[in-house]
Amino acid sequence: MIEITGLHKKFGKVEVLDSVSLTIADKGIFAILGPNGSGKTTLIKSILGMVIPQQGEIKIDGEVIKGKYDYRKNIDYLPQIARFPDNITVTELINMIKNLRNRQANDTELIDMFGLEPFLDKKLGNLSGGTKQKVNLVLAFMFDSPLLILDEPTTGLDPVSLLHLKDLIRKEREAGKTILITTHIMDFVETMADEIVFLLEGNIYFKGTVAELKQKSDRNDLEHAIATILSENK
Amino acid sequence: MKQFRFVLGIFIGALLLSLPAAAVTTEVCATCAVKSVKDAVLQASPYDTILVRGGTYLENNIIIDKPLVLLGENAPVIDGQYLAGIVEIKSDSVTLRGFVLQNVGLSYTQDFAAIHIGNSDYFVIADNVLKDVFFGIYVQKSDYGLIHQNTISSQAVEEFNSGNGIHIWHCKNITVTGNHLSRLRDGIYLEFVEESLITDNISTNNIRYGLHFMFSNHDDYYDNVFINNGAGVAVMFSKFINMKRNKFLRNWGTASFGLLLKEIYDAEIEQNLFEENTIGVNIEGTNRINYKNNRFVGNGWAVKFTGGCYANIFTGNDFLSNSFDVSYNTKMNDNLFDHNYWSSYAGYDLDKDGIGDVPYRPVKLFSYIVNRTPETIILLRSLFIDILNFSEKVSPVFTPDDLLDTSPSMKIIND
Amino acid sequence: MIKVLQYSFYDLIRSRWSYVYFLFYLVLGFALLFLNNSVAKSVITLMNIIIVLTPMIGTIFGVMYFYSSREFTELLLAQPIKRTTIFIGQYLGVSLSLMLSLVIGLGIPFMFYGLWQSAEMANFGLLLLSGSFLTLIFVALAYNIALSNDNKIKGFGYAILVWLFMAVIYDGMFLISLIIFEDYPLDKFTLIATMFNPIDLSRILILLKLDISALLGYTGAIFQKFFGTHAGIFSSLLVLVIWTIIPVYFIARKASKKDF
C-alpha cells in the first residue's frame, strides 16, 4: 500500500506537484493519466526516491521512504526512456543488475519471450530504440517484486511485443501485485486498468474506475471522456 | 741512525737550504734522558734536530725560538689539554713534521693555535694531524713557508667560538698544499697574502667558508675541493687571482654559494666544477674576469650577478640543470657570454656546425622577480611562471635584452 | 559501494580514452628516459607535466564521465542502493582508473630503466603520490560541478575554469600579491596561500624532495622549518587528504539532494 500525503514539488519556479494526496491500495493495475507536464513522471520518481519532494510524505507499507533505499528492493521500475551505458553488452547489463540486487531472476524466460537472444552479446549503444525498450522490459519484469512501476511501457514496441507486454502485466496482476502505469494509449488503459488516477496541473483531478470516469464526463469512450475533461479545464 | 739522519738531512736541506751538517739530534721519549719536548727545545742549539718518539706528551706553549727540526716518530701526541696554544714558532727555518697536536685551548681574547708562527720565515709544517684545535696553523708576517699534508679538524658549531684551520695574515710566498681541513670556522683564511699558492687541499664541513681570501693579490689556487661548507669559498677585495680546476660542491643553504667574488679584478677562473650549490658563483662588483671551461651542474643559481660587474667574459662553460643559469639585478649588461653549453637551450642547429642557430637568453624573467621578492621562489616551475618566462623571452622588458649567447654550443663542452 | 565502483571502473578502463591516457604516460615515460637517460632529470620534467596534466585530465574526465553515465546512474537510482554509495562509487571508479593509468603508465618505463636501483625511487614515488592526489581532488571538484549543473556545456565550462584558475590564475594572483606586499613579512602568507591550492602544494612537495629545499630556504627560515622536516611533508600530505575529503563530502551532500 502506498500512501501519499500533501506532496509538493517545484522545479525552479515551475510547480509540478501541488499538494498531492493519494492512496494506492494493494493489488491491481493503477493507470496514472494526465496531459504532458502534469507531473506523472515526477510522482512516480518521488515514489522511487529519485525526485526529492519539498513537502509531503510518502509511505510504502506504512513506512516513510524519505532517506531510505532498502524499500526499493520491493519495487521494479521501467523508466520512460530506455537509456543504458553504451559500451556494455545486454548480458553484462542484465548480470550487473542481478548482481546489484543479489536476487533470483527469470531473465531467460523474458529474453526468450522478446526474442532478444541474437542481441545478447551486442553493445547497448548499437541497439535500436525498440530493442532497447525490450531490454528495459526484461530488466523491469525479471524480479518478482510486489510493486511494479511502469513509465510509458508501450513506447516503441511492435504489436507482437505489445501483446507479450499485456500478457505479462495481466500475469503479474493475477499474481496479486500492485502495478502503476503511466501511458497515453487509452486503449491500453481501458483494457487493462482497474483504477485511474488523473493528474492535472499537479493536482489529482480524478481517481476511480474507468466506468466512473466515463460517467463523470458523460462520454462513452475513454478518449473522449479525457478530451472533455481537458477542454473543460482550459 | 746515521743513514737516517743523512737522508733526512738531504730532504730538509732541499727544502730549507740552511741546515748545517754539524747538527745534533736529541731524542725525546718517556724513557729517554729528555722527557719533554719543551726541555728538548731548551737544551737544543740552533739547527739541531729533535726526534720525538711515539707517546703522549701533556704540554702546551712550547716556544721554538731558534732554527730547529722537530720530527715525530710514530705520531707522538702532544696534548694541550685545552689550556692554551701548543707550539709557538718565533724563529726562521723551523720544521715541524709528523706530530699529532690536539686539544687546543679556546679563548675569546687570544688566538690560541696548535701551531703559531710569527715573524718567522722558511718554515715547514708537514704531515701533522691537528685535532680539536681552536686555530690550527696560525701564520703572521712570515714568508716562504710550506704547509703540506696536514689534517686539521675541530668541532666548530658557531662562528664566534671557533677558529680557522689555516690562518695566514700578512705573508708572502706561502705554499699550502695537500691539506685536509674540516669542521672549523674557515678551512683556510688568507688576509694580505701575496704570491702564494694554494693547491690540492680538501676543505669540508666548515661552518663558514672552505677558503676565505681577503685583500690578497697575485695568488693562485688550483685543484682544491670544497664540499658542504657553510657558505662555500669567498674571495674578496683581491686582484690577479687564478682559480683553476677546483671543485665547489654541495654548498646548500640560505645565503650559501660555491664561490663568492666581491670586488675582484683581473682574475682567471678556469676548469672549475660548481655542483649542487644554492648559488654557484655569486658575483658582486667584479671586473675583467674570464670564466673559461667551467662546469655548472645542478645549482640553484649557476651565476648570480649582484652589483655592477663589468667586462667579465664567459666562454666554453657548461651550464647543466641549474634552476637558474644566470641572474641579473639590472637591465644593464657589460658582460659577454659566448659559446657556452646550456642544457635548457631549446634551439636547433640546422647547418650542423655544432652551434645553435638561435641565440640563447640565459636570464629568465623569474630570476629577476625572485631577486626582487625572494618569497616568490615558491612559484618555481609553476605553469604561470613558465608562461611568464616565455613571454619575456619573446620580448624582453625587464631583463637585459642584449644579454645573449649568440653561439650556444649544441654539445657539452667539458667532459 | 564496491559493486558500483567495480562497474564504473570496468566501464572506464575499457573506454578508448583510458587507453589513450595510459599510452600517453607510457610513451612519455619511455621518451623522457630515453632522451635524458637519467631518472633524476626525468623526474623534474615529469613533475612539470604531472602537476598540469593530472588536474586537467581529472577535471575533464570527471565531468565527462558524470554526464555520459547519467543513464547508468538513473538505472542505479531505481535499485535498492544508497545514493551516496552510487556517486562515491562512481567517483572512486573514475579516480582509480585514472590513477591506474598514471601509475602503471609511468611505472613500466621507470621499472624498465632500473628505478629500483636508483636513489630517485622515493622522489618518483612522491611524484606518483602527488599525481594520484591531484587526480582524486580534481575528479571530486569536477563531480561537484557536474552535480550542480545539468547543462553539459556549462558544466564543462566551469570545470575548465576551475582547472585554469588553480593551474594558472591562482599563481598569477599569488605572484602579484607577493610583489605588491614585498615590504611586509610574507612567510606565513606564502605558506597559507600554498595550502589553498593543491597544485601548488604538490609542486612544492616534489620540489622539496628534489633538493630545491635550499632554494626555498633562501627566502626565509619558516619555509625550511616547515617544508624541510618530516613533519612538514606529513602535514602537506595531510592537507592534500583534506583537499580530497572536503569535495568528496560535498559530492555526498549534493547527491542526496538532487532530483533525477
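A cavity, as the word is used on this tour, is a set of grid points where a 1.4 Å probe fits but cannot get out, and its lining residues have an atom within 4 Å of a point. Keep in mind as you look around that this is a predicted model.

**Stop 1: the largest cavity**

Searching the whole structure turns up four cavities of 30 Å³ or more. Start with the largest cavity, which holds about 120 Å³ of space. Select A:Y77, A:L139, C:L75, C:A78 and C:Q79: of the 13 residues in the lining, these lie nearest the centre. Now colour the elements that give two or more residues to this lining: β6 (75-78), α2 (90-101) and α4 (129-141) of chain A, along with α4 (70-77) of chain C. Which element gives the largest share of the lining? It is α4(A), with three residues. If you colour the lining by residue type, you should find eight nonpolar, two polar and three charged residues.

**Stop 2: helix α4 of chain C**

Stay with α4(C), one of the elements you have just coloured. Is this helix buried or exposed? Select C:R70, C:E71, C:F72, C:T73, C:E74, C:L75, C:L76 and C:L77 in turn, and each one is buried. Because eight of the eight residues of α4(C) are buried, the helix is largely enclosed by the rest of the structure.

**Stop 3: the nonpolar cores**

In soluble globular proteins, nonpolar side chains tend to be buried together. Here the largest nonpolar core has 162 residues. To find your way into this core, select the residues with the most contacts inside it: A:I2, A:L43, A:L93, A:F141, A:I149, A:I169 and C:F87. Helix α6 (residues 121-148) of chain C gives the largest share of this core, 16 residues.

Zoom in on A:L93 next. What does A:L93 touch, leaving out residues up to four places away in sequence? Its contacts are A:F84, A:I88, A:L124, A:V135, A:L139 and C:L75. You have met two of these before, since A:L139 and C:L75 are among the residues nearest the centre of the largest cavity.

Another core, of 86 residues, lies apart from the largest one. To reach this other core, select B:L68, B:I125, B:I166 and B:V326, which are among its members.

**Stop 4: parallel strands in chain B**

Show chain B as a cartoon and pick strand β17 (residues 174-177). Strand β14 (residues 145-148) of chain B pairs with β17(B) in the parallel sense over four bridges. In one of the bridges, B:I147 has B:V176 as its partner. Strand β20 (residues 197-199) of chain B also runs parallel to β17(B), joined by three bridges. For a pair to select here, take B:T175, which stands opposite B:L197 in β20(B).

**Stop 5: two loop residues in chain B**

Most residues other than glycine have a negative phi. Select B:Y47, in the loop between α2 (37-43) and β2 (49-52) of chain B. B:Y47 has a positive phi of about 70 degrees although it is not a glycine, and it is partly exposed, with a relative accessible area of 29%. Then move to B:N61, in the loop between β3 (56-57) and β4 (62-64) of chain B. The phi of B:N61 is also positive, near 50 degrees. B:N61 is partly exposed, with a relative accessible area of 37%.

**Last stop: the chains together**

Zoom out and colour by chain. Two pairs of chains are in contact, and chains B and C share the most contacts. Chain A and chain B do not touch, and their nearest C-alpha atoms are 36 Å apart.

Conventions
Residues numbered from 1 in each chain as written. Chains lettered and ligands numbered in written order. Predicted model: local features only at pLDDT ≥ 70, side-chain atom pairs only at ≥ 80, totals over all residues. Heavy atoms only, no water. 1 Å grid on protein atoms, 1.4 Å probe; cavity = no way out; pocket = protein on both sides within 12 Å on 5 of 7 lines; lining within 4 Å. Points joined across faces, edges and corners; volume = space filled by probe spheres on them. Nonpolar A, V, L, I, M, F, W, Y, C, P; charged D, E, K, R; others polar. Core = buried A, V, L, I, M, F, W, Y, C linked by side-chain atoms within 4.5 Å. Buried < 20%, exposed > 50% of the residue type's maximum accessible area, 1.4 Å probe, protein only. Contact = heavy atoms within 4.5 Å. Pairing = 2+ DSSP bridges.
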